[in-house]
Amino acid sequence: MRNLGIEHDGFTFPIINQAVLLVRNRVVCGGTVHCLAIKMGFQSDIYFCNSMIDFYAKTGRLGYAWRLFEEMCDRDLVSWTSMIGGFVSEGDVSNAFELFRQMRLELEPNSVTLVVILQACCSHGSGIEEGRQLHGYVIKRGFVIDGSLQNSILKMYSNKGGIGDAEIFFNEIPRRDVVSWNILISFYTSREDVIEVVRCFNEMQEEVRPNVETLTLLIAACANYGNHFEGKKLHGFSIKSGLDDNILKTSLLDFYAKCGDIETSTQLFKEIPSKNIITWNAMMSGLIENRHFEQAIELFQQMQDLGVKPAAEVLRSLVTLYTHLGALRLGKGIHAYIIKNLFCSSGKGNTPLDTAILNMYVRCGSIRSAKTCFDRIKVGDLVSWTSMIEGYGAHGFGLEALQLFHQMVEEGLEPNGVTFLSLLSACSHSGLVNEGCEIFHSMIWRYSIQPDVTHYTCIVDLLGRTGRLKEALSVILKLVDFPDGRIWGALLSAARVHGNQKLGEYAARRLLELEADSAGYYTLLSNIQATSGRWDEVEEVRRCMKDNDLIKKPGWSCIEANGVIHGFVSGDQSHRQIAKVYDVLEALIKKIPETGCTLYD
């Protein structure tokens, strides 16, 4: 156009700005367009300036938008509305309201301006009072409440008001459209009110036809409630109604996965022609949640082959998966992928993901790698510090755990109950009785954290490991109001280690009173009785288990070797190298006495 010498007018550059928003380097291109327009004398054109304010606001360059807004000699309603909208989109609620007040000194808003400022009322930094005032202003000024304005007010009440506010305004709307009903359904869904969600959907069909967004909201609600039956009905309704798109299919995929129907979920995934990142992530999360680990790993490999980058939440789930499997080599591969694809380009960390990687190294036995990850976390939060303390404790480095705790306090982080739980556990594993007791008293008197049964369980375990069984029992009987299975289990374990059969049997019977359907505890009791040769009592316990159909679930474990995960179940002989496995196991058992340790059943 320029090469042909055709003159530009006030409409040319705004149209170009719309196209620039679609390109990758839009900020640079937009700045170039702005400079060219100024050279051509359009700096005073209101329409052009408004389009530039809108462009800068949409690209996150609010400072440029504000500077241009202030330099404008003449501003119209669009100028003010665009600038207010920019503040709202950035979450700057206070400046949005301040600019709205300034605007009213020069111009009265229209319905579009009110829709924009009502969005600010739905933001985190705003409250219901501003929304009520705006609603009152609309009524006072006699605005014709069209569909967009009425739905904005309804959304404001559903986000910030109580159940009465939203319902009263909804019932006052003379002509409700599908958006109005969707807002109300979303409101009841957020309150987990299943009955009202169903009632709303049934009543809605008497006035308007549901759209894809309606079904997506309802399917998401069924997924959260785990209502498989209602979700399948909605799936059938969507097929009959011809309402079908990739977003709805992704919601259905997520719904079936959360209800444990991974087969249907996988089938829907295959039916989606153009899979976006949300679809891939939903399928990955579904496989992991349902413990289909091999399929999840295969799906991740497919994503890599296709160049699809999973979200940080999915990567965190994958890291957690490898943590449970003890697959250190595969976990290291994910760690390398994360460094290459997430952090090197942005330079920003992701603390939850970093902490998951740290935990993976801790649980897989690589405490040195865990410490390296911890030291590299850019903004360490309480969770990452607590995880590292827990890691030291699990590996028997109690003194290092205490040192790290004191370092954390010096850096200004306030410990919570979970931090002290990890610290007490660390003291227990390392036999640091005095230090553990000091930490326990510090938790109560210095940090005003009241211990719960989990903290007392650590104290019982701490005392029990060092043979102070009477003190451990005294803690349970005198300090714990409602002892649970874990605390009695800690005492039982200590009694067995130190050969106190009487106390062990007492703890076992307390366990059975609390968890009478646990086959494992019956087995423990019979083992204690067998140790002292009381075979009649052993037979009675075994008969009781049989009469109650109690069967102890076989133990299982897995290990990674050369990138392959091998699973083992107690008594299983199906592994192709089972003979070699038992040969190695027998050799290890023979070496245990040489280490000074004792093997327990």
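Accessible area here is the Shrake-Rupley area with a 1.4 Å probe, and by that reckoning the protein chain of this predicted model exposes about 33100 Å², of which carbon and sulfur atoms supply 52%.

**Whole chain.** Begin with the full chain in a cartoon view, where 33 helices and 2 strands can be found. If you then colour by burial, 44% of the 601 residues fall in the buried class. A contact map of the chain adds that, among contacts between residues at least 6 apart in sequence, 57% join residues at least 24 apart.

**The largest nonpolar core.** Next, select I84, I117, M284, L318, L321 and L491, which are the residues with the most contacts inside the largest nonpolar core, a set of 164 residues. Helix α19, residues 312-325, gives this core its largest share, 8 residues. In soluble globular proteins, nonpolar side chains tend to be buried together. To see one of these core residues in detail, centre on M284 and show A296, L299, F300, M303, V314 and L318, all of which M284 touches once residues up to four places away in sequence are set aside.

**L118 in helix α7.** Move now to helix α7, residues 111-121, and pick out L118. L118 counts as buried because its relative accessibility is 2%, under the 20% cut-off. Beyond its neighbours within four places in sequence, L118 is in contact with L134, L149, S152, I153 and M156. Drawing a C-alpha to C-alpha distance from L118 to F97 gives 9.9 Å, for a pair that is 21 residues apart in sequence.

**N151 in helix α9.** Which helix holds N151? Select residues 147-160, helix α9, and N151 will be among them. N151 counts as buried because its relative accessibility is 7%. With residues up to four places away in sequence left out, the residues that N151 touches are D177, V179, S180 and I183.

**Helix α21.** Finish at residues 351-363, helix α21, whose 13 residues reach 18 Å from the first C-alpha to the last, close to the 18 Å expected at 1.5 Å a residue. How many of the residues of α21 are buried? The helix is mostly covered, with 11 of its 13 residues buried, and these can be selected as T351, L353, D354, T355, A356, I357, L358, N359, M360, Y361 and V362. After α21 comes G365, where the backbone is worth inspecting for its positive phi, near 90°.

Notes:
Residues numbered from 1 in each chain as written. Predicted model: local features only at pLDDT ≥ 70, side-chain atom pairs only at ≥ 80, totals over all residues. Heavy atoms only, no water. Core = buried A, V, L, I, M, F, W, Y, C linked by side-chain atoms within 4.5 Å. Buried < 20%, exposed > 50% of the residue type's maximum accessible area, 1.4 Å probe, protein only. Helix = DSSP H or I, 4+ residues; strand = E, 2+ residues; numbered from the N terminus. Contact = heavy atoms within 4.5 Å. Expected span 1.5 Å × (residues − 1).
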